[in-house]
Amino acid sequence: MSFTGGARIPQTPTLPQGETVASYGTYLEAQKAVDHLSDHQFPVQMVTIVGTDLRMVERVTGRLTYARVAMGGFGSGAWFGVFIGLLFLLSGGSSGILFAAVLFGGAAGLLLAVLVYATSRGKRDFTSQSQIVAAQYAVLCRAERAHEARQMLREVGGVRVGAATPVPPAHPMGARPSDPTAAYPQAAPGKPAPGQPPVAPGQPLAQPRYGQLAPQQPPAEPRYGQLAPQPPAAPPSGAPETPPGAEKQD
């Protein structure tokens with residue numbers, strides 16, 4: 001049974017605030033730790049129990065048969081018959097009406113349960129109970145009273161020193177992500193780019209990355225219907241050759 005105290009529960013799902021003062025493997029140990037704090041007049045409204053690594057556990061309790069289904073259906077129907085019989089008794093009926101209502105309700109529940117189980121065709125022939133279980137339970141306390149809570153819980157055990165691990169930044173500090181030189185570093189002449197396998201002597205380097213100059217390619221062959229570029233005409237035989245850049249003098 002739980003009672004409402006002075007602590008206000010958030011209306012929307014909110015992560016708990018505070019430092020981890022102790023950690024336990026079972027919920028009973030965490031509950032014992034909070035009871036220990038309460039016995040020492042500690043303000044337990046500053047404490048929160050947080051279960052991590054939650055798992056849904058379904059424990060099978062037995063095999064389901066027609067006899068078990070019939071007994072369960074008869075019990076459920078009999079309780080409904082008791083309710084109807086009491087209504088008749090309050091309205092001035094006799095005790096025989098109550099007994100008849102119990103029998104009629106039980107028979108109706110039995111018949112309905114057997115029909116439902118027969119239509120399932122054995123898809124679920126067992127009974128079970130489900131629970132949400134955590135692998136670890138942490139006791140959190142607000143930062144201003146966390147040290148005092150640790151001192152009190154040393155008698156119980158499971159005390160942990162230190163706050164939660166801070167969340168790392170989304171991007172590493174350094175060059176901006178939009179800098180092409182940081183994302184695609186250039187390689188030195190005669191050396192492979194970072195991330196490329198080593199190149200043997202005399203073997204050409206791999207294709208250049210973004211930001212590097214591509215090697216010069218030979219001129220492409222002319223397509224069909226295009227004229228190939230003509231080489232410069234050679235000077236006539238016997239004429240003196242003029243060196244490039246020299247001008248004729250009058």
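# A walk through the chain, starting at Asp53

Let's begin with one residue: Asp53, at 45% relative accessibility, counts as partly exposed, because that value falls between the 20% and 50% cut-offs. Keep in mind that this is a predicted model. Asp53 sits in strand S2, and its backbone has a quirk: phi is near 55 degrees, a positive value in a residue that isn't glycine. Most residues other than glycine have a negative phi. Gln41 is another case, with a phi near 60 degrees. You'll find Gln41 in the loop between H1 and S2, and with 69% relative accessibility it counts as exposed, because that is over the 50% cut-off.

Now step back to the whole chain. There are 5 helices and 3 strands, and from the N terminus on they come in the order β-α-β-α-α-β-α-α. The chain has 250 residues, and 16% of them count as buried. It exposes about 20,400 Å², and carbon and sulfur atoms supply 60% of that area. If you take contacts between residues at least 6 apart in sequence, 77% of them join residues at least 24 apart.

How do the strands pair up? Strand S3, residues 126–141, pairs with S1, residues 19–24, in the antiparallel sense over 5 bridges. To see one of these pairings for yourself, look at Ser23, whose bridge partner in S3 is Ala138. S3 is also joined to S2 (residues 47–63), here by 15 bridges, and these two strands run antiparallel as well. At Arg63, the bridge partner in S3 is Phe126.

S3 leads us on to the inside of the model. The largest nonpolar core has 18 residues, and Val21, Tyr24, Leu37, Phe42, Val139 and Leu153 are the ones that touch the most other members. S1, H1, S3 and helix H4 (146–153) each supply at least two residues of this core. As a general point, nonpolar side chains in soluble globular proteins tend to be buried together. Val139 is a good place to look around: leaving aside neighbours within four places in sequence, its contacts are Glu19, Thr20, Val21, Ala22, Tyr24, Ala30, Val47 and Thr48.

What about helix H1, residues 27–39? One of its residues is His36. Is His36 buried or exposed? With 13% relative accessibility, His36 counts as buried, because that is under the 20% cut-off. Not counting residues up to four places away in sequence, His36 touches Met152, Leu153, Glu155 and Val156. Leu153, as we saw, is among the core residues that touch the most other members.

Next come the charged pairs. How many salt bridges are there? The count comes to 4. One of them joins the side chains of Glu19 and Arg150, at 3.1 Å from N to O. This pair links distant parts of the chain, with Glu19 in strand S1 and Arg150 in helix H4, 131 residues apart. Arg150 has a relative accessible area of 9%, so this residue is buried.

Another salt bridge runs between Arg124 and Glu58, where the closest N and O atoms are 2.8 Å apart. Arg124 is in the loop between H3 and S3 while Glu58 is in strand S2, so the pair ties together parts that are 66 residues apart in sequence. Both residues are partly exposed: Arg124 has a relative accessible area of 43%, and Glu58 comes in at 36%. There's also a salt bridge between Glu148 and Arg145, with the closest N and O atoms 2.7 Å apart. Glu148 counts as partly exposed at 31% relative accessibility, and Arg145 is partly exposed too, with a relative accessible area of 24%.

Let's finish on the outside. Which residues make the nonpolar surface patch of about 370 Å²? They are Phe74, Phe99, Leu103 and Leu110. Helix H3, residues 95–120, gives the most to this patch, with 3 residues. Leu103 lies in that helix and is partly exposed, with a relative accessible area of 43%. A residue needs over 30% relative accessible area to be part of a patch, so Leu103, at 43%, clears that bar.

Key. Residues numbered from 1 in each chain as written. Predicted model: local features only at pLDDT ≥ 70, side-chain atom pairs only at ≥ 80, totals over all residues. Heavy atoms only, no water. Pairing = 2+ DSSP bridges. Helix = DSSP H or I, 4+ residues; strand = E, 2+ residues; numbered from the N terminus. Buried < 20%, exposed > 50% of the residue type's maximum accessible area, 1.4 Å probe, protein only. Contact = heavy atoms within 4.5 Å. Patch = residues over 30% accessible without salt bridge, like charges linked within 9 Å, V, L, I, M, F, W, Y side chains within 5 Å. Areas by Shrake-Rupley, 256 points an atom, 1.4 Å probe, with all protein chains shown as cover. Core = buried A, V, L, I, M, F, W, Y, C linked by side-chain atoms within 4.5 Å.
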